[in-house]
Every structure is written in C-alpha cells, then in structure tokens.
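The following exercises concern the structure shown below. Each task is followed by a solution that proceeds step by step.

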Amino acid sequence: MNRRKIGVYVCHCGGNISDYVDVEKVVDAVKGEEDVVVARTAMFTCSDATQQEIYDDIRELGLDGLVVASCSPKLHTFTFRGVAKRAGLNPFQYTQVNVREQCSWAHTDDRQGATEKAVRLVRAGIARTRLLRPLEPTVVETVPKTLVIGAGIAGLRAAIGLADIGLSVVVVEREAEVGGWVKDFGPMYPRDKEGHELVRQLEAKVRQRENIALFTSAEVVRKAGSFGDYVVDIKTHGKSAMTMQIHVGSIIVATGFDTYRPEEGEYGYGIDGVVTLPEYKKMLDAAEGPLAYHGRPVKDVAYIYCVGSRQGDAGPHQYCSRFCCSAAVHSALELYSRDPSARQFHLYRDMRTYGRYELMYRESREKGSTYLKFAEDEPPAVQKGADGRLVVTIRDQLTGQKEVRIPADLVVLVTGMVPRENDGLVGALKLPVGRDGFFNEIHPKLRPVETVVDGVTICGACQFPKNASESVASGLAAVTQSAAMLKQGRAELDPQVASVDPGLCTDCGVCYETCPYDAIRPKEEPEGRRVAVIDPATCKGCGGCAPVCPERAINLEGYTQAEIKAMIEGLAREVV
Amino acid sequence: MAVQQQAAVREDARAFSPRILVLSTNNISDPGIDLAGSAHMHYPPTVTTIALPCTSAIMPEWIVHALEQGFDGVFIASDGEECAYLRDCAERSAQMFETAQKELKERGISPARLQMAAICSVCAEPFTRYMHEFSQTLTELGPVRKE
C-alpha cells in the first residue's frame, strides 16, 4: 500500500476542549501514527488563521488525508471539506473527530480518562483516513421547476419567491381555496395585518405570474425519479377530476398544521362558554364592537394556557407549541381594543412571549390583565356556577398557593398546533417524520429546511409550530435552498453512496428487493454475466443494503467494511 | 495464597472499567449523544462512539470484531422508529441484533455484551443512563478477554 500523508489538527476550542483534555498530550500520542506527517494543536481550528494553516500544510506537504479533532461533525464538516477542496485535497479524504460533544464536555470530571479517549478517537480517525478514497460527487442535470405542496401563507410566498428568481412553479393545494388557516384570520401579531387581506394579496401575485401553475382540490399521489428530475403524479378532485404527471427538479413541502382538539371535559371543554383559541379568535375577528356571547356581553375572560402542549411523558404532544402564548396575549389586546373595561385573567404554566412579543405581554398587563401561575400537577378546574356563569378555580403559585376562584363569561383554552394527518404524502415522498409527528429537517440550525431526501425541503408549520412570519421566513429559506440547487442547471449529490464490487457479486438477487428507493438493479456485464449495480443518483447513502449481501460485495463509501474495522482497531488499541 | 489471590481479583474488579463501543447514527442518535455532552452529563470515558448513516448498515461481524479486539461490550444506539431512510429499519436492526448475538454465543462470548436501544436526537438523559447501566452489567461480567 502506498504511503499516505495525513495532517492531524487537534482543537483547544478556546478551552472548551483543552480545559478537560490534554490536547498537547493527544498530539504527542498520535504524531507517530503510521502515515501522519504533521500533527498540531490549534486554539480555534475553525478560525480563518488555522484554516489558512491547514491550507498551507496541504499545499506545502502535499497532504492526501486530513483529520480534524474538534467539535461535532454536525457543525464544521462543510467548513473543513471546503478548506480541503480549496487546497486541492479531495474533500472526502477528510475525517472529523468529535472530541468536544462526545469527549471533553461529557467527561469534565475525568481529565485523564478524557485525554485517553481523545487519543483513541483521533487514532480511529487516522485509521479511517488512511483508507479513504477520493470521491467525486455525482452530477445530475436539474429541471428548472419546483413543486410547492400546500398553498398556505408559507407555500404561497415560496411560490412567488421561486417564480421571481425565474423558476417555474407548480403549486398543489388539497383544499378548494388557497390561504390555509391565515385566510380566515383578522388582525395578526405583530403588526395587526389582516390575515385574509395578506392571503388575498399573495393569491393575486401568484395568479399574475405566468410561471406559476396553481391547482386546488389537488393532491400528490406518487413520486418517482430522483433529485433533479422527480416525476410526480398529481390528482385533482371535483368537477375537473384528473391525474397528471409533472417533472420537477425540487419539491417544497408546506403542508401546515392542525390545531389541538381538547378531549370532552378537558378543562371543561364541552361546557357552553368554554372555547379553544382558534374558536375565540374567530369570534373576536367577527365581532363588531364589544364582544358578546349568545347575546350576553363578555366582560370577564379567563385564558388557560398550554392546553394540549407540554403533556409530559404520557401525552402525544410533549413539545411547547411556541406560538400560543403570544397569540393568546394578542387576542387579549384585541379584546381591550373593543372593550377597555374587560377583565382578563391569564392562567399559565410558563409565559413565553419571546422576542419583541414581550412588548405585547407588557401592554396587556398595563391594560389590566392579571397573570396567575398554576403548577403542572394541579391544573385549574372549570365549572358551571349556580348562576349559570363559568367559574375557574386555580391554586396560584405566586401568592402563597392561595386558591382563587375566577368567575368568567368565557373560558379560552389556549390550544397549540399539532401535526397534520398526511400519511399519503409521507408515503409518496418518503418524508422523515419526527417523534412529535412534525417533519424533520437535517439540522435545526445548520440545515434548517433540507431533509435527507435530496431536493425535498420543508417549511412553515409542517416542520414545527411557527407563527405566520416565521413560516414565511422559512418558506423563503426553502426558496433560496431550492433555487441554489436548480439555478445552476446541475447539482452535486453526496458521493458517499453504496456500490457493488462486481467481482464479488453473484447476482443472487437478495439486494434488489431490499432498497425502498429502487436504487439497485441488475445489469448485464459484457462477458454475459449479470451483476447488481447501484444508481448513485438514487441511492440515499443509508447502507441498509450492505449487510443484506451474503457475499459482502456492497460497501458504503466513507463507511466501508475495511474503514469501520480499522476504526474499531484504532479505538481498541491500548493508550500507553 | 488463596486469600491473596481473592484479594487480587477484587482489586482487579475495582480497577476494571469496561470498554464500550457505541454504534450511533448521524442524524438521530449521534445528535442525542452530542446533546448529553453539551449538557455536561457524565458517562464513563471508556465509552467511544462510531457514527453511521443508519442502524441498518451495521454488519454483525463488526460487533464480533469489536469484542475480539478488546471491547467489553457493544451498544447499538439505534434509530428505532425514527429512521429517515428505511421504514423497516427497526425490524432490520432487530434481525441483525439476533444474528450478532448468535455469533457471539458460538464464540463463547456472552450475548449480554451486546445491547441495543433506540436513542433519539434529544435522548441525552436516557443515553447516559444506558451507559451507566451497561457499564455496571459489563463490570459484573468482567473483562471480555477472560471469557
């Protein structure tokens, strides 16, 4: 085997690593490893100065392998791939070793143990790098057209953004009308723009643009092809029912949310006068002048927060729904604007009117709103009083656990967002769904709208609860991501995919059935032999086919059998 | 002499800190393990992790190899039901797990040295708990080299 020239860089991370790991000792321990020609520490490996240093080493020493031991690969893999590429080193001949999240920070109590572990981790990284082959990304031609699924506020805004960049857009909406939830809203925070007016403007812009085709009462029923040229079947319902097939380069999913429906009896739901937040919003938006309920003026309103959210281990909705605190406070302000003498009581577990919405919270208190805090294990009770009015009982955590009885004309259950039932679409697109039922991005900070399915991005509240402006912002992020993929006319796919060694393949056929993406097909070889081949553009790089092969003829690039075994050996070797 | 030997064995057991190989996944369990570190939750530094794209990519012979190389246990931090690639990931992983345990038994290695649990991207606390518990189990089993 040819000698390799590997450079190893161990990061202090300004103390985040070096306070708990003796990084100099790590460098001393690995600099004698086979094929290592340079090993050093750096205060911040990701800094421009150290990137330049690595760049210079690659050029001057002719490095053909790079190992960076710093933070999690989720953070800077692309940074260092970029350094490698700029310096003329194949970016896939680099290994990121996680000595921060999975070493220094996890063992702040054991400097010796953490240092030994770091040595093992770096050795494993070197062992892997010695075997890495240069990989070239698969280049695919891309169709300059995007499919947007869902014509709510996020989907509409995304369609306009794409069209204005010069891409063709097909918008598919399941309902007969566009606009989703927002089309029924009156004033929305933060600027009190009317929801139905916003949707009207967006719809007009969509209809003006010749490069947007909008289909309502329509659904996506099937997706074939691969990134760059997806073939999608769309079925329309109603009078002009038909199925059509379109070719698109990328797909944006903006299917939105549903609202939580309380169980009968949950915080008195079912009793006349107990309503959910969306029901209340509708009443407020429809009312002219002060609010009335069944002809009786509404003077006292009690809001109960976190209904259907943060349900603990037992419930399906363990997450905080984020938008509801601000939405409820905004509704309270809407009521004050109609009736400044209204008495409003907010029964909460924790208030989260984050960012500038804090100003609405302050305004509501200045206008007379009273906030009472209840404990999770002692929720408020809602009953019908003898006089026919509602009574809410709460043990207030902020005034010495006093039991407070609040008479109310209306009780508003501040309900959160829940994921929409979308089984058909999830099946057709193979969309990743998280534990909470919302769609999953690859990384919430670094790749916030991309999914593991190349060319398929997500935005709006199908991803997690968002308010309208956050939904639009993520819709525009999806536009940028989609346009970046399509505008060049070609796209690079991750080359870390599976491949078959034709010399080992016996055409037994086991792998043909195993790939749900149909990436593995039989192929005739010139000498009349038939072997399995994997289409690199269709392969998602999961490696699920590799252990299925009885001949062990399949390897996943970057995770080959030889590389993993070498890593195991690198980790196992004693640290002297 | 016998007493001295017993004492030496006890001393050995005290010093023994089992080596654990964790096989995680890039998008699901590895972020959960990262989160444990970010929260400065402690687990033994003799735990080391290799991340793969998907649990279904794990080959049983890697597990055998790890134990033959001196790891005292292998823990598969699986995707469970959350795999972004394969809908039947959990079934595939369960099958691989059984095969690996069988192969361990054939080699006279205790199948208890292999464990698997679904670790999600925010499962920091469960992960550290599993590591402490597995470490305890392996301490009771003793070093793999003595089997």
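**Exercise 1: A buried acid and its partners**

At 6% relative accessibility, Asp35(A) counts as buried. The model is a predicted one.

Task: Determine which side chain meets that of Asp35(A) in a salt bridge, and which parts of chain A the pair ties together.

Solution.
Step 1. The side chain of Asp35(A) meets that of Arg130(A) in a salt bridge, at 2.9 Å from N to O.
Step 2. Asp35(A) belongs to the loop between H1 and E2 of chain A, whereas Arg130(A) belongs to helix H5, so the pair ties together parts that are 95 residues apart in sequence.
Step 3. Both residues also take part in a network of salt bridges that links Arg3(A), Glu34(A), Asp35(A) and Arg130(A).
Step 4. As a general principle, side chains of opposite charge can pair when their charged atoms come close.

**Exercise 2: A pair between a loop and helix H5**

Task: State whether Glu33(A) and Arg123(A) are buried or exposed, and locate each of them in chain A.

Solution.
Step 1. The side chains of Glu33(A) and Arg123(A) form a salt bridge with an N to O distance of 3.4 Å.
Step 2. Glu33(A) is placed in the loop between helix H1 (23-30) and strand E2 (36-42) of chain A, and Arg123(A) in helix H5 (residues 111-131); the two are 90 residues apart.
Step 3. The cut-off for a buried residue is under 20% relative accessible area. Glu33(A) counts as buried because its relative accessibility is 14%. Arg123(A) counts as buried because its value is 8%.

**Exercise 3: A pair with unlike exposure**

Task: Assign Arg40(A) and Asp57(A) to their exposure classes.

Solution.
Step 1. Arg40(A) and Asp57(A) meet through their side chains in a salt bridge of 2.9 Å, N to O.
Step 2. Arg40(A) lies in strand E2 and Asp57(A) in helix H2 (residues 48-61) of chain A, 17 residues apart.
Step 3. With 30% relative accessibility, Arg40(A) is partly exposed, while Asp57(A), at 6%, is buried.

**Exercise 4: The surroundings of a serine**

Task: Establish which residues Ser364(A) touches, leaving aside those up to four places away in sequence.

Solution.
Step 1. Ser364(A) is part of helix H10 (residues 358-366) of chain A.
Step 2. Its relative accessibility is 0%, so Ser364(A) counts as buried.
Step 3. Ser364(A) touches Val329(A), Leu333(A), Tyr336(A), Ser369(A) and Tyr371(A), residues up to four places away not being counted.

**Exercise 5: The interface of chains A and B**

Task: Describe the contact between chain B and chain A by its residues, its buried area and its polar pairs.

Solution.
Step 1. Chain B contributes 42 residues to the contact and chain A contributes 50 residues.
Step 2. About 3900 Å² is buried between the chains, and carbon and sulfur atoms give 59% of this area. In chain B, the residues that lose the most area to chain A are Pro45(B), Trp62(B) and Tyr85(B), together 15% of what that side buries.
Step 3. The rule finds 17 residue pairs in polar contact across the interface, both residues being at pLDDT 80 or more. Helix H2 (29-38), strand E2 (47-52) and helix H3 (60-68) of chain B each supply at least two residues of the side that touches chain A. That side of chain B divides into 24 nonpolar, eleven polar and seven charged residues.
Step 4. Four salt bridges are found across the interface. One of the pairs across the two chains is Arg19(B) with Glu574(A), whose side chains meet at 3.8 Å, N to O. Over all chains, the structure holds 44 salt bridges.

Note on methods:
Residues are numbered from 1 along each chain as its sequence is written. Chains are lettered from A and ligands numbered from 1 in the order in which they are written. This is a predicted model: local features need pLDDT of at least 70, side-chain atom pairs count only at pLDDT 80 or more; totals for chains, interfaces and linings use all residues. Side-chain values use heavy atoms; hydrogens and water are left out. Contact means heavy atoms within 4.5 Å. Buried area is the accessible area (1.4 Å probe) that two parts lose on being put together, summed over both. A polar contact is a pair of N or O atoms within 3.5 Å; within protein, one must be able to donate a hydrogen and the other to accept it, and residues adjacent in sequence count only if both atoms are side-chain atoms. Helices (H or I, at least four residues) and strands (E, at least two) are DSSP runs, numbered from the N terminus. Ala, Val, Leu, Ile, Met, Phe, Trp, Tyr, Cys and Pro count as nonpolar, Asp, Glu, Lys and Arg as charged, and the others, Gly among them, as polar. Buried means under 20% relative accessible area, exposed over 50%, partly exposed in between (1.4 Å probe, protein chains only).
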